[in-house]
Amino acid sequence: MIFKSKYSFEQGPIRPPNEANSLLVRVTRNCPWNKCLFCPVYKGEKFSRRSVEEIMDDLAAMESAHKKVREVSEEQGFGGIINRQVTAYIQANYPELFSIAYWQYHGGENVFLQDGDSLLLPVDDLVKVLKTIKDKFPSVKRITTYSRSRTILRRTLNELIKLKESGLKRIHVGLESGNDRVLEYMEKGVTGDQHIEAGKLLKSAGLSLSEYVILGLGGEKLWKEHALDTANVLNSINPDFIRVRTLAVPKSSPLYKKVARGEFILLNDDQVVREEALFIENLNNIESRFFSDHILNLLEEVCGNFPEDKNLMLAIINRYLSLGDEMRDIFKLGRRTGYFRRLGDLENSSLAVPVKQLYNQLQKENMSVDNYIQQLMLRFI
Ligand code: SF4
């Protein structure tokens, strides 16, 4: 018999980058579709819905852990406050409580429902989960989740409104591309029109919508179509958030074999940046907030609000593209090795010197910067 502590609960493998400080509540396991060629996350894992009872047990364990964390804070003389010292003490002495302490330390306001497609759960089950989270944790202000466009289209407007009224705030959707050829090749199982329909439906229900785009997903063959059609689809949806991440292909993704056989040709960093410029130039009549908040993106600082920051974002891209070959290589190396975050870091000699040394070393060894970077990027997946 497996011993289960009264504080233990289940968590899935991933969440969106901006949910790093959220409490992760697992309502389904894995992904019901699981076919996308670029996605390694749940391959080999079977999808299942968790029962309301199982999820309630987890929420009860989270509540007990929350109480215990406060007790530890009091014992340590911090009066129930979860500060940095309490969080560090808990990490060292009560590792099973750490995720709850960490969440509380970051305000205890955000919850993310895992895994890949929560709207597949019966609406009444989700409503019970949402209400219980709000009851047990009154500090919670935002509950969000992932869902697929095809699944969203199986929900009625009234069902989505009911979820919103029960506390669901935002849906993160993997749009990936607006181009049907790219979507079909990548076996995304959805068309650009279905993405539009699903996005509009969520917005009419008053739910906040975050759409994810994969830069480079069209490869060398379809990069232009990918940029233009993705912009067109997003122009039709006008989502609250657009988030980009750059394609990287680990061995565990089905796309890897196609890349190895030369059937899919990856873009290098400079080509991705040119594609991103074309994409952003064609985003029009939207009021979305744009983020590049993923470690895989070369230009993290390309972010802002549409329409007012569009030219600023394009100016950052143009500044990068107008650097000479050597400086672009040095920036790429600095970014991928963690020395640089912004183009301005090129002028910071304490950051730039070690990167230039690495660049010189690669030159000596006759190694291409792009190949070196492709290997590094796999570490971030
Ligand atoms: S739908 Fe999402 S989680 Fe599922 S395989 Fe595709 S990208 Fe991965």
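**Exercise 1. The two domains**

How many Å separate the centres of domain 1 and domain 2, taken over C-alpha atoms?

*Solution.* A word on the ground rules before the steps. This is a predicted model in which local features need pLDDT of at least 70 and side-chain atom pairs count only at pLDDT 80 or more, while totals for chains, interfaces and linings use all residues. Residues are numbered from 1 along each chain as its sequence is written, and side-chain values use heavy atoms, with hydrogens and water left out.

Step 1. Start with the bounds: domain 1 covers 17–323 and domain 2 covers 324–381; such bounds come from an automatic or database domain assignment.

Step 2. Take the centres over C-alpha atoms: 28 Å lie between that of domain 1 and that of domain 2.

**Exercise 2. The interface between the domains**

Describe the surface that domain 1 and domain 2 share, then its charged pairs.

*Solution.* Step 1. Find the contacts (heavy atoms within 4.5 Å). On the domain 1 side 24 residues take part, and they touch 21 residues of domain 2.

Step 2. Work out the buried area, that is, the accessible area (1.4 Å probe) that two parts lose on being put together, summed over both. For this pair of domains the value is about 2,000 Å², with 55% of it on carbon and sulfur atoms. Within domain 1, the residues that lose the most area to domain 2 are Glu300, Glu301 and Leu323, which together make up 30% of what that side buries.

Step 3. Count the salt bridges (a side-chain nitrogen of Lys or Arg within 4 Å of a carboxyl oxygen of Asp or Glu). Between domain 1 and domain 2 there are seven. Asp269 and Arg336 also form a salt bridge through their side chains, at 2.9 Å from N to O.

Step 4. Ask which elements contribute, with helices (H or I, at least four residues) and strands (E, at least two) taken as DSSP runs numbered from the N terminus. On the side of domain 1 that touches domain 2, α11 (269–281) and α12 (310–321) are the elements that give two or more residues. The most come from α12, with four residues.

Step 5. Sort that side of domain 1 by class: 14 residues are nonpolar, five polar and five charged. Here Ala, Val, Leu, Ile, Met, Phe, Trp, Tyr, Cys and Pro count as nonpolar, Asp, Glu, Lys and Arg as charged, and the others, Gly among them, as polar.

**Exercise 3. Two residues of one helix**

Which residues are in contact with Arg328 and with Ile330, leaving aside neighbours within four places in sequence?

*Solution.* Step 1. Place both residues: Arg328 is in helix α13 (residues 325–336), and Ile330 is in helix α13 as well.

Step 2. Check accessibility, where buried means under 20% relative accessible area, exposed over 50%, and partly exposed in between (1.4 Å probe, protein chains only). Arg328 counts as buried because its relative accessibility is 11%. Ile330 has a relative accessible area of 0%, so Ile330 is buried too.

Step 3. List the contacts, with neighbours within four places in sequence left aside. Arg328 touches Asp270, Tyr320, Leu321 and Leu323. Ile330 touches Phe340, Leu346, Val355, Lys356 and Tyr359.

Step 4. Look at the charged partner of Arg328. Arg328 pairs with Asp325 in a salt bridge whose closest N and O atoms are 3.0 Å apart. The two are separated by about one helical turn because they stand three residues apart in helix α13. Asp325, at a relative accessible area of 56%, is exposed.

**Exercise 4. The loop after β9**

Is Ser292 buried or exposed? Describe its surroundings, and then those of Asp293.

*Solution.* Step 1. Ser292 belongs to the loop between β9 (289–291) and β10 (304–305). Its relative accessibility is 1%, so Ser292 counts as buried.

Step 2. The side chain of Ser292 reaches the backbone oxygen of Val302 at 2.6 Å. Leaving aside neighbours within four places in sequence, its contacts include Val244, Glu276 and Asn297.

Step 3. Asp293 makes a salt bridge with Arg243, with 3.1 Å between the closest N and O atoms. This pair links distant parts of the chain, 50 residues apart: Asp293 lies in the loop between β9 and β10, and Arg243 in strand β8 (residues 241–246).

Step 4. Compare the partners: Asp293 is partly exposed at a relative accessible area of 26%, whereas Arg243 is buried at 3%.

Technical notes
A polar contact is a pair of N or O atoms within 3.5 Å; within protein, one must be able to donate a hydrogen and the other to accept it, and residues adjacent in sequence count only if both atoms are side-chain atoms.
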